[in-house]
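Q: Got a minute to go through this one with me? I'd like to get a feel for it before I head back to the bench.
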Amino acid sequence: MIAKFPVLRARLPDKPDDWSSIAGLVTVLAVLASYPLAYVMATVGPRARSLLMLLVLLPFWTSALVRTTAWIILLQSNGVVNALLMGSGLTTTPTAFIYNLSGVLIGMTHVLMPFIVLPLYAAFSNLELSTVQAAESLGAGPITVFRRIILPLTAPGVVAGGMIVFMNAIGFYLTPALMGGPGQTMIAQMIASNINTELNWPFAAALATVLLVATVTMLALFQRFFGLERLIEGGGGKAGEPFTVTSRGRSPGGWAAIVAACLVGAFLIAPIIIVFPMSLGSSPFLAFPPDSYSLTWYENFFGTTKWVAALTRSLQIAGLVVAISVVLGTLAALGVARMRPRWRSTVETIFILPMIVPVIILAVGLYYLLAPTGLVGSIWGVTLGHVVLATPYVFITVRAALKSFDGNLEFAALGLGASWATMFRRVMLPSIAPGIAAGAVFAFITSFDDVIIALFLTNIRSRTLPKLMYEGVAHEIDPTIIAASCLIILVTVLVLGGNLLLTKRKTT
């Protein structure tokens, strides 16, 4: 089967959809898709669980721009999905999957689903097998067990992850801008349009304020009822024999969940896998599978000045961001750890705000702040913006590392006459180094993948690789963009793999 196509940008007329309704639909779809995958992850062996976790984490750490680009290729009228549907006889004419509501829902669900899968899997892992066995011994069937036992005990993890998804979805910009139609204009697009096109800054500020208030309100509710720990720990019962398949074996519903989990896993990984063979095609039109294989588009990438300059600039900025955010995030975590519990939660909330507040608000605010200084269009302007985005990740990972650090070691070192600096270098730093390293990885990926900050703070001479790719995708996809997408995936995998190897060496 071969599907060849030039990528044409066509906007279909559509009924306007409320941006909060779209965010709600994405949240519901993410929850429905996450349940079977999380259930199977909790009930299979270690090897299968590791494979499923990889299917979740690899898309999670892959650039949203890369995934959105891949979905456009997969879903357009003469793309891979339509070719499969028509080739199998399920449809006779192409189905419009993109530039309408379906494209937005597919793209956003794919990007945000891991935020629910991970806490839901943790909730399943915290369930006690004895609870399920007791219900079965009293005559409860699979449906009753799910409705009366599993669903209530996993609901806190679902609600926590769902709130995170909804908070991200209401401020989403990238996927709706590239995969949606005029009827799916999200509030972030309205803000950008009123700034860049309409030049109506007061109305843009009003929209940004509405979005900010909605996000902060939901964050306050999240902190009040769950806290950040809920996103990691989930909502199960007490620690006991871990939840797994009981002696009855899998019910028909359990086997249906396995089938659904396989489909969800394919949904998560397909956009990442598809770009690699397509990047090796020699045709100027994107084809899957390619007629012939070559390195033409990689040669074009490294042989074109604008692509090499953008890649070099992205790496330079990411390096600066890692150096600055690691210092700031570590110092912030050390300071917060010594605060009184009364104020600690409030300060922690302030530090994580850049992770929760839609990036479009940060971009607009940074543009206002930096424009008078002349930093807009320079590497340092983008670096400062990315530091704001990346520092909370370092803060969170170092805070988690500090919670496992034995404070008695600090007192012992100080009591033996060591200065605080010596104690930190010889005692505390080796203990929290894995957390700092993880924060550095998160900071690098956050900076290297950013598009929205770069859209506002760079110009044609200082644009980063993601911004250059975005400009190409918004008009017509040159196959060079697919090669660039593969390079971004490889860089992300190498950084994550390097951090994993270092962590294993330190633990052994």
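A: Sure. One term to start with: pLDDT is the predictor's confidence in each residue, on a scale from 0 to 100. We need it because this is a predicted model.

Q: OK, so what's the mean pLDDT of the chain?
A: The mean is 80, and 85% of the residues reach 70 or more.

Q: Where is confidence lowest, and where is it highest?
A: The lowest is strand E1, residues 3-5, with a mean of 41. The highest is helix H15, residues 305-337, at 92.

Q: Which stretch around there has pLDDT below 50?
A: Residues 1-16 are below 50, and in the model that stretch makes 57 contacts beyond near neighbours in sequence. Residues 230-241 are also below 50, with 37 contacts of that kind.

Q: How should I read the coordinates where pLDDT is low?
A: Not in detail, where the confidence is low.

Q: Fair enough. Zooming out, how many helices and strands are there?
A: The chain has 23 helices and two strands.

Q: And how much of the chain is buried?
A: Buried residues are 49% of the 508 in the chain. On the outside, the accessible surface is about 22800 Å², and carbon and sulfur atoms account for 68% of that.

Q: What about contacts between residues 24 or more positions apart?
A: Those make up 79% of the chain's contacts with a separation of 6 or more.

Q: Let's pick a helix. What does H6 span?
A: H6 covers residues 114-126, so 13 residues by the DSSP run. From first C-alpha to last, H6 reaches 18 Å, close to the 18 Å expected at 1.5 Å a residue.

Q: Which residues of H6 are buried?
A: Quite a list: Pro114, Ile116, Val117, Pro119, Leu120, Tyr121, Ala122, Ala123 and Phe124.

Q: Switching topic, what's up with the phi of Tyr99?
A: Tyr99 has a positive phi of about 60°, although it isn't a glycine.

Q: Where does Tyr99 sit?
A: Tyr99 is in the loop between helix H4 (80-87) and helix H5 (101-112).

Q: Is Tyr99 buried or exposed?
A: Tyr99 has 6% relative accessibility, so it counts as buried; the cut-off for that is under 20%.

Q: Last one: where is Thr43, and what does its side chain reach?
A: Thr43 is in helix H1, residues 19-43. The Thr43 side chain reaches the backbone oxygen of Tyr39 at 2.9 Å.

Q: And why does Thr43 count as buried?
A: Because its relative accessible area is 6%, and that falls under the 20% cut-off.

Note on methods
Residues numbered from 1 in each chain as written. Heavy atoms only, no water. Helix = DSSP H or I, 4+ residues; strand = E, 2+ residues; numbered from the N terminus. Contact = heavy atoms within 4.5 Å. Buried < 20%, exposed > 50% of the residue type's maximum accessible area, 1.4 Å probe, protein only. Expected span 1.5 Å × (residues − 1). Areas by Shrake-Rupley, 256 points an atom, 1.4 Å probe, with all protein chains shown as cover. Polar contact = N/O pair within 3.5 Å; in protein donor to acceptor, adjacent residues only side chain to side chain.
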